[in-house]
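User: I would like a close look at one part of this model, namely the pairing of charged side chains, with enough of the surroundings to place it. Please go through it carefully, in one connected account.

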Amino acid sequence: MSERERLLHLVAAHLLAHGVTSSTLRGLARAAGSNNRMLLYYFGSREQLVGEALQAVARDHFPGFENAWSGLEHGTGALRTDLQAVWDEIAAPRNLPFLRLFFEVFGQVTRQPGYSELMGDIAEWHRPAAARLRREGLPHAAAEGLATELVALWRGLQMTLILTQDLRTVERVQRQALDAFCARALDHAEVGTRT
């Protein structure tokens with residue numbers, strides 16, 4: 001493991017445990033057993049470091065997220081079944097620490113635009129959903145719109161889950177919303193095949 005990877009791993013673990021809002025560059029350096037200059041040398045800025053650390057947390061600690069989205073894009077099951085499998089993975093209780101960190105960084109993006117490019121594929125969850133909807137026969141514009149809607153719905157429900165810890169209610173609402181979503185998606189697909 002290179003020194004850069006070692007530092008990234010230590011910073012990622014620190015952010016997962018303590019969050020990003022109050023983490024200064026100096027504090028991150030101390031947590032990694034390094035100093036500001038070394039972190040800046042390897043990562044360029046605090047924002048770049050935090051963005052890469054968030055991606056490392058997702059990749060190293062919560063691989064189910066990426067696998068779920070990949071499974072949706074390339075899945076061969078029924079649309080409703082494959083979408084439910086994605087939700088079941090991203091809302092699993094073991095993933096709540098990642099969701100807390102994700103939404104904390106997501107909030108930082110609204111105040112510090114430098115983070116937005118650094119979140120990488122984590123912020124682009126609509127892409128595999130749109131690809132799957134196009135495979136289902138939806139026209140490009142409809143697939144993009146519905147995929148964005150789905151991700152917005154799920155992000156709202158994830159935030160509700162984090163805040164309330166009421167998995168039963170969130171699951172019930174998600175299932176109802178997903179039923180309606182799939183019915184609309186199939187309607188779009190039927191229209192797309194007739195044109």
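Analyst: Helices here are DSSP runs of H or I with at least four residues, strands are runs of E with at least two, and both are numbered from the N terminus. The model is a predicted one, and every value below is computed from it.

It helps to begin with the annotated stretch at the start of the chain. An unreviewed UniProt entry lists residues 1–61 as "domain: HTH tetR-type", and over these residues the chain is 77% helix and 0% strand, with the end C-alpha atoms 17 Å apart. The unreviewed entry also gives residues 24–43 as "DNA-binding region"; that stretch is 75% helix and 0% strand, and its end C-alpha atoms lie 14 Å apart.

Turning to the part you asked about, side chains of opposite charge can pair when their charged atoms come close. The structure holds nine salt bridges, of which three are followed here, beginning with the one between Asp82 and Arg132, whose side chains meet at 2.6 Å from N to O. Asp82 belongs to helix 6 (residues 79–90) and Arg132 to helix 8 (residues 126–135), so this pair ties together parts of the chain that are 50 residues apart in sequence. Asp82 and Arg132 are both buried, and they do not stand alone, since Glu136 is linked with them in a network of salt bridges.

Helix 8 takes part in a further pairing, in which Arg134 forms a salt bridge with Glu144, with 3.1 Å between the closest N and O atoms. Here Arg134 in helix 8 is joined to Glu144 in helix 9 (residues 140–164), and the two residues are 10 apart, so that the pair links distant parts of the chain. In contrast to the buried Asp82 and Arg132, Glu144 counts as partly exposed because its relative accessibility is 25%, and Arg134 likewise counts as partly exposed, at 34%.

From helix 9 the account passes on to helix 10, by way of a salt bridge in which the side chains of Arg184 and Glu149 meet at 2.5 Å, N to O. Arg184 lies in helix 10 (residues 167–194) and Glu149 in helix 9, so parts that are 35 residues apart in sequence are tied together by this pair. Arg184 is partly exposed, its relative accessible area being 34%, and Glu149 is also partly exposed, with a relative accessibility of 34%.

Two residues outside these pairs help to fill in the surroundings. Gln174 is in helix 10, the helix that also carries Arg184, yet Gln174 is buried, with a relative accessible area of 0%. Apart from its neighbours within four places in sequence, Gln174 is in contact with Gln84, Trp87, Trp154 and Leu157.

Pro97, for its part, lies in helix 7 (residues 96–111) and is partly exposed, with a relative accessible area of 31%. Once neighbours within four places in sequence are set aside, Pro97 is in contact with Leu16 and Phe62, and Leu16 falls within the stretch, residues 1–61, that UniProt lists as the HTH tetR-type domain. Pro97 and Ile162 are 65 residues apart in sequence, while their C-alpha atoms are 9.1 Å apart in space.

Notes
Residues numbered from 1 in each chain as written. Predicted model: local features only at pLDDT ≥ 70, side-chain atom pairs only at ≥ 80, totals over all residues. Heavy atoms only, no water. Salt bridge = Lys/Arg side-chain N within 4 Å of Asp/Glu carboxyl O. Buried < 20%, exposed > 50% of the residue type's maximum accessible area, 1.4 Å probe, protein only. Contact = heavy atoms within 4.5 Å. UniProt positions renumbered as here; feature names shortened; annotations may be inferred.
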